[in-house]
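Got your viewer open? Let's take a walk through this one, stop by stop.

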Amino acid sequence: MTTRRRLLCGMALFASAAALALPARADIRVGVVLSTTGPAAAIGIPSKNTVQMWPATIGGQRAQVIVLDDASDPSMAVRNVRKLIAEDKVDVIVGPTIVPTALASLDAVAEGQTPMITLAASASIVEPQDAKRRWAFKMPQNDSQMATLVTQHMADNGVHTVGFIGFTDAYGESWWREFSKLADVRKLRVVANERFARTDTSVTGQILKLMAAKPDAILIAGAGTPAALPQRTLVERSYKGRIYQTHGIASTEFLKVGSKDVEGTLFPTGPVVVARELPASHPVRKVAVEFADRYEAKYGPNTVTQFAGDAWGAWQLLDNATARALKTGAQPGTPAFRAALRDALETTRDLTVPNGVLNLNAQDHQGFDQRSRVMGIIKNGRFAYAGPR
């Protein structure tokens, strides 16, 4: 063997040995907590469907994804989050699905110093920023953003008096707080305020009180299939005013349960729900349509939901932030990486996801602006675009 060839062989062996000596970078471990059973299943199942579509890598690194069901129960959600952090050593939590389960999980993620990207709506999950909430981020629009659009639509369409009925939990309270404040700004008079539980089988008493106040419109602040119960009761009692719902209804199960009784419902929604009907100029349309096409190719026509779009946006956000966190040199599976990932999530800029454009900072862990919501209407048994044109 020539001297030159021996030198080349020696260099190759040295390079191979050096590569073997370097520690292999660990997989990114993602814990996902969803309500795939219980009252919020109509929200959690589309999210799980989307998680099953996630690419095998996050930030260019191979990912391990562990999905647990919390049965729509806050106590179960907390147990799942603690298990994922303490036993499975995840780098990040995605979920939980609904406001009560997400709020209940704040202490666990703060104690474990593990970022959480929740799929629940209320701003109270991330506001005001404090020691607990600095680890929490969320995908859905704040209720204040949606309530702004709803009250504007009411004011623009001749509504003067409004009745309100919402969940007895944090979701209903958040909506009441934001809606009542904005209704006052728009000179809308709230003439009745009622509550119901997600598990209620009758709301006749509440509906009779609402109708006795003779409002021009009624807003139902519920989510998933339980939100159909007050509307079906209103229709059975021959209420003739406008009926508004929140972005929490945008699931195919709500359409099935509500059937003809929810026809004509007005609601604010993320762009993905009505992606193909958006004006060509809408800044989110391209990304929203791409995801809707991908989701419906797997799960069937007209199956994309707000919640599916949020779960895909969570992957996009995590993918974007993980790539930047890895550049710090911190290794997945370590406290240093979790801290770097938290910091990277907080500095996300101009990331277009199916339901809006994300710009996060230390004071805003949601990051959407007016590009994140449009008005929808239920027409011919499906969700349709209602504006603005």
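**Start with the annotated domain**

Select residues 28–381 first: an unreviewed UniProt entry annotates them as "domain: Leucine-binding protein". Keep in mind that you're looking at a predicted model. Over that stretch the chain is 39% helix and 19% strand, and its end C-alpha atoms sit 41 Å apart.

Now zoom out to the whole protein and colour by secondary structure: you get 13 helices and 15 strands. The radius of gyration is 23 Å, close to the 21 Å from the globule rule for 389 residues, so the protein is as compact as a globular protein of that length. Along the principal axes, the C-alpha atoms fill a box of roughly 100 × 45 × 35 Å. Switch on a surface and about 15900 Å² is exposed, with carbon and sulfur atoms supplying 53% of it. Of the 389 residues, 55% count as buried.

**Then the backbone oddities**

Most peptide bonds are trans, and most residues other than glycine have a negative phi. Here are some exceptions.

- Select Gly95 and Pro96: the bond between them is cis, with omega near -10°. Pro96 is in the loop between strand S4 (92–94) and helix H4 (99–104).
- Step back to Lys89, in the loop between helix H3 (74–86) and S4. Its phi is positive, about 55°.
- Move on to Glu127 and Pro128, joined by a cis bond with omega near -10°. Pro128 lies in the loop between strands S5 (116–118) and S6 (136–138).
- Finish at Ser238, between helix H9 (228–236) and strand S10 (242–245). Phi there is near 65°.

Is Ser238 buried or partly exposed? Partly exposed, at 44% relative accessibility.

Key: Residues are numbered from 1 along each chain as its sequence is written. This is a predicted model: local features need pLDDT of at least 70, side-chain atom pairs count only at pLDDT 80 or more; totals for chains, interfaces and linings use all residues. Side-chain values use heavy atoms; hydrogens and water are left out. Helices (H or I, at least four residues) and strands (E, at least two) are DSSP runs, numbered from the N terminus. The radius of gyration is taken over C-alpha atoms; the globule rule is 2.2 Å times the number of residues to the power 0.38. Buried means under 20% relative accessible area, exposed over 50%, partly exposed in between (1.4 Å probe, protein chains only). Accessible areas come from the Shrake-Rupley method with a 1.4 Å probe; for residues, only the protein chains shown count as cover. UniProt positions are given in the numbering used here, feature names are shortened, and annotations may be inferred rather than shown by experiment.
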